Amino acid sequence: MTKRPVALVTGATSGIGKAITFALAEAGYEVIALGRSAATLEQMQTQSGVRPLALDLTDREALETALEGEEIDVLVNNAGVIPPVVGFDRMAQSDIDATLEVNLSAAIATTRMVLPGMMARGRGHVFFTGSTAGQAPFPNMAVYGASKAAISSFAAALRCDLSGSGVRVTEIVAGRVETNLYKEVLTARARADMYGAFDAVQPEDVATMLRSVLEMPAHVDVTRFDILPTAQFVGGGGFAKKED
Ligand SMILES: NC(=O)c1ccc[n+]([C@@H]2O[C@H](COP(=O)([O-])OP(=O)(O)OC[C@H]3O[C@@H](n4cnc5c(N)ncnc54)[C@H](OP(=O)(O)O)[C@@H]3O)[C@@H](O)[C@H]2O)c1
């Protein structure tokens with residue numbers, strides 16, 4: 001029996017990562033689903049046979065131990081947090097640290113752990129979930145934006161280092177996607193307004209794109225794709241509201 005390709009998806013318990021996890025499982029991958037919520041991961045295991053990996057990505061030692069001996073073909077660095085949406089002067093240092101730690105450092109650290117195996121095998125694919133907030137300024141999002149701009153820069157430069165290695169790199173530049181990302185930082189009303197102002201992209205739409213990118217022939221690397229609500233524009237202030 002041929003071995004199934006293995007994918008590691010971080011932030012697999014919710015939103016974009018959950019949709020990607022299910023899509024890859026459906027596509028025949030053995031998926032290692034990583035997140036902190038053990039209960040959700042257990043449910044997902046029952047539902048689709050994914051392998052749960054319940055840990056906090058900021059725990060490097062636990063991550064390194066868990067990944068020892070794993071041969072990962074596809075790494076989806078997707079876990080992310082958004083700090084309170086306030087002016088920078090009102091941000092707590094702990095929120096700044098947590099954002100950079102999860103959105104940037106953890107993705108780089110996970111890649112460092114997985115990449116040598118890919119390079120030795122001469123194939124692999126590393127995805128990063130970036131954001132439109134990393135491509136243009138948004139008010140009250142200076143640190144979140146910085147974390148996403150940095151990961152965008154890292155992904156692009158990593159591709160240069162990997163030239164000729166057979167390992168592909170793709171940045172997913174996501175616009176507004178309807179998930180739990182803002183659950184802790186915006187009221188239910190504010191979130192409903194944000195998603196209701198236009199047809200937000202759904203997590204499954206991002207997963208569909210990721211699958212198409214993976215299915216491209218090995219010599220083709222889609223280095224980045226931008227996926228936004230049709231009504232969203234970036235760079236000129238944000239959103240074109242639907243007429244009532
Ligand atoms: N939604 C959007 O509009 C949007 C737009 C652009 C980019 N993005 C990016 O898309 C990615 C996915 O976010 P989402 O929108 O799907 O949000 P979400 O529904 O809140 O999912 C976030 C995921 O990250 C995981 N996570 C957070 N901190 C973690 C940690 N310390 N260790 C391990 N896992 C952790 C969460 O799992 P646990 O709680 O179980 O740990 C959860 O599975 C993020 O990188 C986000 O910045 C989202």
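**Exercise 1. Describe how helix H1 packs against H7, beginning with the hand of their crossing.**

*Solution.* Let us start with the hand: H1 and H7 cross in a right-handed manner. Keep in mind throughout that the model is predicted.

Next comes the geometry. H7 spans residues 203-215, and the angle between H1 and H7 is about 50 degrees, with the axes 8 Å apart. The two helices are therefore oblique to each other.

Now list the residues that touch. H1 contributes Gly15, Ile16, Lys18, Ala19, Ile20 and Ala23, while H7 contributes Pro203, Glu204, Val206, Ala207, Leu210 and Arg211. Sorting the residues of this contact by character gives eight nonpolar, one polar and three charged.

**Exercise 2. Work out which strands stand at the edges of the sheet, and what follows for them.**

*Solution.* Begin with the strand order. The sheet is open and has seven strands, arranged S3-S2-S1-S4-S5-S6-S7 with parallel pairing. Reading off the ends, S3 (51-54) and S7 (224-227) are the edge strands; each has a single partner strand, so one side of each has no neighbour in the sheet. From one strand to the next, the twist averages 15 degrees.

For a closer look at one pair, take S5 and S6. These strands run parallel and are joined by eight bridges, with S6 covering residues 167-174. One of the residues to find on screen is Ser131, whose bridge partner in S6 is Ala174.

**Exercise 3. Place H4 and H5 over the sheet, then characterise their mutual packing.**

*Solution.* First, the sheet side. H4 lies across S1 (6-10), S4 (74-77), S5 and S6, and runs at about 165 degrees to S4. H5 lies across S5 and S6, at about 155 degrees to S5.

Second, the helix pair. H4 (residues 93-121) and H5 (residues 142-161) pack at about 15 degrees, and their axes are 9 Å apart. An angle under 35 degrees counts as roughly parallel, and H4 and H5 are therefore roughly parallel to each other. Their crossing is right-handed.

Third, the contact itself. On the H4 side we find Ile96, Thr99, Leu100, Asn103, Leu104, Ala107 and Ile108; facing them in H5 are Val143, Tyr144, Ser147, Lys148, Ala150, Ile151 and Phe154. The residues of this contact comprise ten nonpolar, three polar and one charged.

**Exercise 4. Repeat the analysis for H3 and H4.**

*Solution.* H3 covers residues 60-67 and packs with H4 at an angle of about 25 degrees, the axes being 11 Å apart. H3 and H4 are therefore roughly parallel to each other. H3 passes H4 in a right-handed crossing.

For the contact, pick out Arg60, Leu63, Glu64 and Leu67 in H3, which meet Ala109, Thr110, Met113 and Val114 in H4. By character, the contact of H3 with H4 holds five nonpolar residues, one polar and two charged.

**Exercise 5. Map the shell around the ligand.**

*Solution.* Start from the count: 27 residues surround the ligand, and those that come nearest are Gly11, Gly15, Gly35, Arg36 and Gly80.

Then assign the shell to elements. H1 (15-26) and S5 (124-131) each supply at least two of its residues. The largest share, three residues, comes from H1.

Finally, sort the shell by character: nine residues are nonpolar, 15 are polar and three are charged.

To tie this back to the first exercise, look again at Gly15: this residue is among those nearest the ligand, and Gly15 also takes part in the contact of H1 with H7.

Terms used:
Residues are numbered from 1 along each chain as its sequence is written. This is a predicted model: local features need pLDDT of at least 70, side-chain atom pairs count only at pLDDT 80 or more; totals for chains, interfaces and linings use all residues. Axes are lines fitted to C-alpha atoms, for helices over the stretch in contact, and angles run from 0 to 180 degrees between N-to-C directions. Helices (H or I, at least four residues) and strands (E, at least two) are DSSP runs, numbered from the N terminus. Angles under 35 degrees count as roughly parallel, over 145 as roughly antiparallel, 65 to 115 as roughly perpendicular and the rest as oblique. A crossing is left-handed if the near helix is turned anticlockwise from the far one by less than a right angle, and right-handed if clockwise. Two residues are in contact if their C-beta atoms, placed from the backbone, lie within 7 Å. Ala, Val, Leu, Ile, Met, Phe, Trp, Tyr, Cys and Pro count as nonpolar, Asp, Glu, Lys and Arg as charged, and the others, Gly among them, as polar. A residue is near a molecule or strand if its C-beta atom, placed from the backbone, lies within 6 Å of it. Two strands pair if DSSP finds at least two bridges between them.
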